[in-house]
Amino acid sequence: MITQPFVYLVVLALMAASALLLSRQRYTLLQYIPPIVLLYLGVMLISSWGIFEKNNAITQSYLTLKSNLLPAMLFLMLLPNRITTLSKLGPKMLLTFFLASLSLFLAFILCFILFGLGYDEISILAPLAGSWMGGTANMLAVSSFLESSEEAVGIIMLIDSVDYSLWVMLLLLLVPYASRFNNYTKAVDPVEDISIDDRCALNFSYRAYIWLLFSAIAVSLFAQLSGLFLSKLLFGSVTAWSVILATLAGIFFSFTPLSTIRGLQSTANAMLYLLIALIASRAVIHFDTELLLYIALGMSILLIHALLMLLFAKFFKLDLFSISVASLANVGGIASAPILSAAYAQSLVGVGVIMATLGYVIGTFVALMLTEVLRWLA
């Protein structure tokens with residue numbers, strides 16, 4: 001049993017580093033079960049076996065590292081994502097993306113009603129919506145905002161991994177039927193090639209990288225101190241305000257030279273993986289029929305989403321490529337949307353990248369909006 005905080009953090013860092021190395025591989029399995037999910041499941045199993053002792057020292061280390069890493073990670077994740085690049089998509093693709101987000105939003109609400117869920121399940125559904133309308137970083141932001149338990153995050157990751165994997169496989173299997181689908185909806189040709197400027201391809205500079213790290217730490221400190229002040233002055237928790245402020249800071253500073261520093265994305269990913277390992281280390285999941293019901297709930301959300309997208313495709317005359325990539329840009333994010341785009345044509349990879357970028361920007365806010373709707377329904 002691990003009882004020392006330093007050993008605890010070293011083990012988590014090693015497992016996060018292993019998952020990061022695995023993410024650079026090109027195994028077919030990793031298209032359906034991302035390394036970040038394998039990391040969560042692996043750490044969660046170790047935690048469930050009682051390897052980590054939940055003593056005061058380890059608990060304090062967990063809370064300190066998590067509260068400081070989360071705002072810094074959100075800030076770095078959003079830095080490369082300039083909102084102005086969204087203009088490259090054009091009105092049709094932007095419409096398709098927002099229709100996909102809207103259909104997911106409605107699907108969450110309908111399933112919340114149909115399954116007879118209550119206030120307690122919001123801490124699971126809202127972060128899942130953050131993941132399926134943004135990405136893992138958005139899920140972490142929303143779960144921290146709602147103060148979801150580690151067990152709730154474990155359920156979210158399980159739903160995400162199983163249902164997401166099935167959804168990716170389905171969308172890839174539909175690629176050969178694009179012509180038939182487009183004839184049915186009377187769709188015009190898919191969007192043309194969109195090139196993506198690699199703004200992080202500059203030469204590495206230690207001075208610039210130090211400034212990047214300093215900025216992330218400074219934003220984290222500012223977000224938490226401001227969150228402490230605003231939570232007392234207005235409403236909400238410190239975590240909630242720090243998440244919002246870090247997100248806004250990332251959007252604002254994406255227009256500065258900080259967004260062009262080489263190593264930015266790798267640093268953000270390292271923080272994300274370490275955060276996932278931290279949260280998983282506190283989770284204890286027992287596999288039972290309740291988990292199967294949650295997986296069925298996730299599939300029901302995706303099924304309603306699919307039916308609504310079919311209706312939208314027929315009404316707006318959208319092609320299969322557009323609705324599929326828009327859907328996966330929401331549900332899968334940057335890890336899978338470009339892969340699906342490439343399955344149609346290599347020149348269309350940029351569409352998936354920009355759509356997933358849009359999901360990162362709006363995912364947290366849309367999920368928080370859904371939270372309020374679900375609370376009203378509960």
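**Around α6: a helix, a pocket and a cavity**

Author: Just after α6, E147 takes a positive phi of about 55°. This is a predicted model, and α6 is a good place to begin looking around.

Reader: What makes α6 largely enclosed by the rest of the structure?

Author: A residue is called buried when its relative accessible area is under 20%. In α6, 10 of the 11 residues are buried, so the helix is largely enclosed by the rest of the structure. The buried residues are T136, A137, N138, M139, L140, A141, V142, S143, S144 and L146. For the protein, buried residues make up 53% of the 378 residues.

Reader: Which elements give two or more residues to the lining of the largest cavity, and why is that space called a cavity?

Author: Happy to take both! The space is called a cavity because a 1.4 Å probe fits there but cannot get out. The largest cavity has a volume of about 50 Å³, and L74, M77, L78, A137, N138, T247, Y360 and T364 line it. Two or more of the lining residues come from each of α3, α6 and α15 (349-377). The largest share, 3 residues, belongs to α3.

Reader: How do you know how many charged residues this lining has?

Author: Only Asp, Glu, Lys and Arg count as charged. Sorted by class, the lining of the largest cavity has 5 nonpolar, 3 polar and no charged residues. The structure holds 2 cavities of 30 Å³ or more.

Reader: And why would the second largest pocket be called a pocket rather than a cavity?

Author: A pocket is an open set of points, whereas in a cavity the probe cannot get out, so the word "pocket" tells you that this space is open. The second largest pocket has a volume of about 290 Å³. It has 18 lining residues, and the closest to its centre are K66, S67, L70, S144 and T239. The elements that give two or more residues to this lining are α3 (56-78), α6 (136-146), α7 (150-173) and α10 (238-253). Here α3 gives the most, with 6 residues.

Reader: What classes make up the lining of the second largest pocket?

Author: The lining of the second largest pocket has 7 nonpolar, 8 polar and 3 charged residues. K66, one of the residues closest to the centre, is a Lys and therefore counts as charged.

Reader: Stepping back, how many helices and strands are there in the protein?

Author: There are 15 helices and 0 strands. Among contacts between residues at least 6 apart in sequence, 85% join residues at least 24 apart. The accessible surface comes to about 17,200 Å², and 68% of it belongs to carbon and sulfur atoms.

How values were computed. Residues numbered from 1 in each chain as written. Predicted model: local features only at pLDDT ≥ 70, side-chain atom pairs only at ≥ 80, totals over all residues. Heavy atoms only, no water. 1 Å grid on protein atoms, 1.4 Å probe; cavity = no way out; pocket = protein on both sides within 12 Å on 5 of 7 lines; lining within 4 Å. Points joined across faces, edges and corners; volume = space filled by probe spheres on them. Helix = DSSP H or I, 4+ residues; strand = E, 2+ residues; numbered from the N terminus. Buried < 20%, exposed > 50% of the residue type's maximum accessible area, 1.4 Å probe, protein only. Contact = heavy atoms within 4.5 Å. Areas by Shrake-Rupley, 256 points an atom, 1.4 Å probe, with all protein chains shown as cover.
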